[in-house]
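Please open the model in your viewer and keep the sequence panel beside it, since the tour moves from one selection to the next.

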Amino acid sequence: MRMRLKKYLDERMAAVADYIIVGYSDDLDARNSAPTAPLDWRRVFGNDNPVRLELGCGKGQWVCRMAAAYPDVNFVAVENVTNVIVAACEKAKALGLKNVRFANCGVEYLPRNVLPHSVDAIYLNFSSPYPKNQYENRRLTNARYLDLYRGWLKKGGDIRQKTDNRPFFEYSLVSMSRNGLRFKRISCDLHRTPDIPNLTSEYEDRFAPLGPIYYVEAEFAEN
Ligand SMILES: C[S@@+](CC[C@H](N)C(=O)[O-])C[C@H]1O[C@@H](n2cnc3c(N)ncnc32)[C@H](O)[C@@H]1O
């Protein structure tokens, strides 16, 4: 049964291979220690439009909506769970989107693939909050990740986080301010802040009816 499920997943991934720029196959594997050339966005997308990353894209509702709404922006969506990201790739393919690609790996494996200072914005949509202190370093706003983002963002680039989890939001604000970020915009109720444009993700649609969505936009102070 397990083998059959794996074969089915492999077939689904093969059918969307043109959307995957980092994955777990030998030639694309971000964990592979062999040296590799970082991704050249112009070769990936065939243009020089700005590139924005979504880290932890889940099944891709948000990134597909954004790519359709902003055709002059390129999006790279990262997700480490293969049978989740495959659904995102299938959505993008069904919509015929040309300005979105997917990286099937943990964010922590991406430094081999992303050229320094080549990214315009980083989106963290409903990132896993890892509430137990022992897993703090897995939170995507932990200092070890913020250090990576500092290296990837262009001058003037920013990080945009939204979450329904207040303790995680407070943790993120403290972590960002301790790690050299300054806040550009904060909302403690994004859905009632009409001047911040917003398209919703799967998790957002599920959790917004239960309480406020917290939002922060921040940039590195040295920028
Ligand atoms: C709570 S879900 C949110 C999904 C989507 N962004 C949304 O708002 O609907 C968080 C996603 O991040 C992924 N994730 C967590 N840590 C990650 C990491 N280090 N690298 C890549 N993906 C990660 C999880 O597998 C999960 O699919």
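The stops below go from the whole chain to a central strand, then to a second group of strands, and end at the ligand.

Before selecting anything, note that this is a predicted model, in which local features need pLDDT of at least 70 and side-chain atom pairs count only at pLDDT 80 or more, while totals for chains, interfaces and linings use all residues. Residues are numbered from 1 along each chain as its sequence is written.

**Whole protein.** Show the cartoon, which comes to seven helices and eight strands (DSSP runs numbered from the N terminus, with H or I over at least four residues for helices and E over at least two for strands). The C-alpha atoms fill a box of roughly 45 × 40 × 40 Å along the principal axes. The radius of gyration is 17 Å, which agrees with the value near 17 Å for a compact globule of 223 residues (taken over C-alpha atoms, the rule being 2.2 Å times the number of residues to the power 0.38).

**Strand S2.** Select residues 51-55, where five of the five residues are buried, so that S2 is largely enclosed by the rest of the structure (buried means that 20 or more other C-beta atoms, placed from the backbone, lie within 10 Å of the residue's own). Val 51, Leu 53 and Leu 55 cover one side, and Arg 52 and Glu 54, also buried, lie on the other.

**Neighbours of S2.** Add S3, residues 74-78, which runs parallel to S2 and is joined to it by five bridges (strands pair if DSSP finds at least two bridges between them). Leu 53 has Val 76 as its bridge partner in S3. Then follow the chain from S2 through helix H3, residues 61-69, to S3, a β-α-β crossover that is right-handed (with the strands pointing away from the viewer, the path from the first strand over the helix to the second runs clockwise). Next select S5, residues 119-125, which pairs with S2 in the parallel sense over three bridges, with Tyr 123 of S5 opposite Glu 54.

**Strands S6, S7 and S8.** Select S8, residues 214-220, which is antiparallel to S6, residues 153-163, with five bridges joining the two; here Arg 160 stands opposite Glu 217. S7, residues 181-187, also runs antiparallel to S8, with six bridges, and Phe 183 faces Ala 218 there.

**The ligand.** Which residues are the closest to the ligand? Of the 20 that surround the ligand, they are Gly 56, Gly 58, Phe 126, Ser 201 and Tyr 203 (C-beta atom, placed from the backbone, within 6 Å). Finish on helix H7, residues 202-207, which gives the most to this shell, with three residues.

Methods: Buried ≥ 20, exposed ≤ 12 C-beta atoms within 10 Å, placed from the backbone.
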